[in-house]
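Reader: I've just opened this one and don't know where to start. Could you walk me through it?

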Amino acid sequence: MTETQVLFRVEKELLEALDKILSRQGFRTRNEWFRAQLRKALEETSRQRLSGLLEGLTVKGVREQDIVEMVREWRSKKDRR
Amino acid sequence: MTIVVDTNVMIAALIQAGIVRGLVLGNPDVFIAPEECVLEAWETRGDWNRRRVPDALIREALDLMTDRFVAVVTRPTHAEREPEARTLIRDPDDVPVVALALAVDNQGIWTFNTKDFSTPELLARVRVLGTGEVKALLKGSTEDR
């Protein structure tokens, strides 16, 4: 893993407030906290983008059994080829 | 926690709004699928893409889903277990799913097709889960945290 160093400017009070809650939230260092927040933010962005894409793919009224039948059908078509 | 998903579940997450999609998107580090399932989903998009969404967007949806929400496991991981899997499941297209479940620690295979995944020999080796059981397992795991 290649790491890059990042410098931030932040108000002293904010940093002190962060330091107070770090261990309560299960983080040992500011670095750990920052990485976790970054991952969370990226995950949320991906989830929102994916949700939007899936909205466009959604077929109303389709049931689990319909999907089972659809998969069965295309597999049997493939087997006949 | 690790749960193996089959092609049915992948397709449902793509085209069905509701509980399956919610479980997949809400639990990013839980689900895995053999690469064969993802390939099958891509190759059959002409059948399930009823709204004629352009391929580029389907590709993006599949990439995002497999990048963050359903980890794709490549064949070398489970290839060695395929001969055993063939003796446990009739449909050759389900062999990769069973082989993967035999190859890695997991809580079970999530499928809608519990009928095909119901031989005593298979059930002696892997747990087969319906959507309700997956929901219950994940609820329990959230409460454990």
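Author: Here are some questions and answers about this predicted model.

Reader: Let's start with trust. In chain B, where is confidence lowest and where is it highest?

Author: Keep in mind that this is a predicted model. Chain B averages a pLDDT of 93, and 97% of its residues score at least 70. Within chain B, the lowest confidence is in helix 10 (residues 131-144), with a mean of 82, and the highest, at 98, is in strand 1 (residues 3-5).

Reader: And what pLDDT does chain A average?

Author: In chain A, helix 3 (residues 64-80) has the lowest confidence, a mean of 87, while helix 1 (residues 12-22) has the highest, 94. For the complex, the predictor gives an ipTM of 0.85 and a pTM of 0.85. In chain A, 96% of the residues score at least 70, and the average pLDDT is 91.

Reader: Now the sheet in chain B. Which strands stand at its edges?

Author: The sheet is open, with 5 strands paired in parallel in the order 3-2-1-4-5. Each edge strand has a single partner strand, so one side of each is left without a neighbour in the sheet; in chain B these are strand 3 (70-73) and strand 5 (128-129).

Reader: How many bridges join strand 2 of chain B to strand 3 of chain B?

Author: Strand 2 of chain B pairs with strand 1 of chain B over 2 bridges, in the parallel sense, and there B:Ile3 has B:Phe31 as its bridge partner. Towards strand 3 of chain B, B:Ile32 has B:Ala71 as its bridge partner. Strand 2 and strand 3 of chain B run parallel, and the number of bridges joining them is 4.

Reader: Are the residues on the two faces of strand 2 of chain B buried or exposed?

Author: B:Phe31 and B:Ala33 lie on one side, and B:Ile32 and B:Pro34 on the other. Both faces are covered, and these four residues are all buried.

Reader: What is the bridge partner of B:Trp110 in strand 5 of chain B?

Author: Strand 4 (residues 108-110) of chain B runs parallel to strand 5 of chain B, with 2 bridges joining them. In strand 5 of chain B, the bridge partner of B:Trp110 is B:Leu129.

Reader: Which strands of chain B does helix 8 of chain B touch?

Author: Helix 3 (residues 35-43) of chain B packs on the sheet and touches strand 2 (31-34) and strand 3 of chain B. Helix 8 (residues 95-103) of chain B also packs on the sheet, and its direction makes about 125 degrees with that of strand 2 of chain B. The strands of chain B that helix 8 touches are strand 1, strand 2, strand 3 and strand 4.

Reader: How do helix 1 and helix 2 of chain B lie, roughly parallel or roughly perpendicular?

Author: The axes of helix 1 (residues 7-15) and helix 2 (residues 19-26) of chain B come within 8 Å and cross at roughly 95 degrees. That angle makes helix 1 of chain B, relative to helix 2 of chain B, roughly perpendicular.

Reader: Why is helix 1 of chain B largely enclosed by the rest of the structure?

Author: Among its residues, B:Val9, B:Ala12 and B:Ala13 meet B:Val20, B:Arg21 and B:Val24 in helix 2 of chain B. Helix 1 of chain B is largely enclosed because 9 of its 9 residues are buried.

Reader: Last one: how do the residues on the side of chain B that touches chain A divide by class?

Author: The contact takes in 28 residues of chain B and 20 residues of chain A. Helix 1, helix 2, helix 4 (45-48) and helix 5 (55-69) of chain B each supply at least two residues of chain B's side. By class, that side has 14 nonpolar, 6 polar and 8 charged.

Definitions and conventions: Residues are numbered from 1 along each chain as its sequence is written. Chains are lettered from A and ligands numbered from 1 in the order in which they are written. This is a predicted model: local features need pLDDT of at least 70, side-chain atom pairs count only at pLDDT 80 or more; totals for chains, interfaces and linings use all residues. Axes are lines fitted to C-alpha atoms, for helices over the stretch in contact, and angles run from 0 to 180 degrees between N-to-C directions. Angles under 35 degrees count as roughly parallel, over 145 as roughly antiparallel, 65 to 115 as roughly perpendicular and the rest as oblique. Two residues are in contact if their C-beta atoms, placed from the backbone, lie within 7 Å. pLDDT is the predictor's confidence in each residue, from 0 to 100. Two strands pair if DSSP finds at least two bridges between them. Ala, Val, Leu, Ile, Met, Phe, Trp, Tyr, Cys and Pro count as nonpolar, Asp, Glu, Lys and Arg as charged, and the others, Gly among them, as polar. A residue is buried if 20 or more other C-beta atoms lie within 10 Å of its own, exposed if 12 or fewer, and partly exposed in between; C-beta atoms are placed from the backbone.
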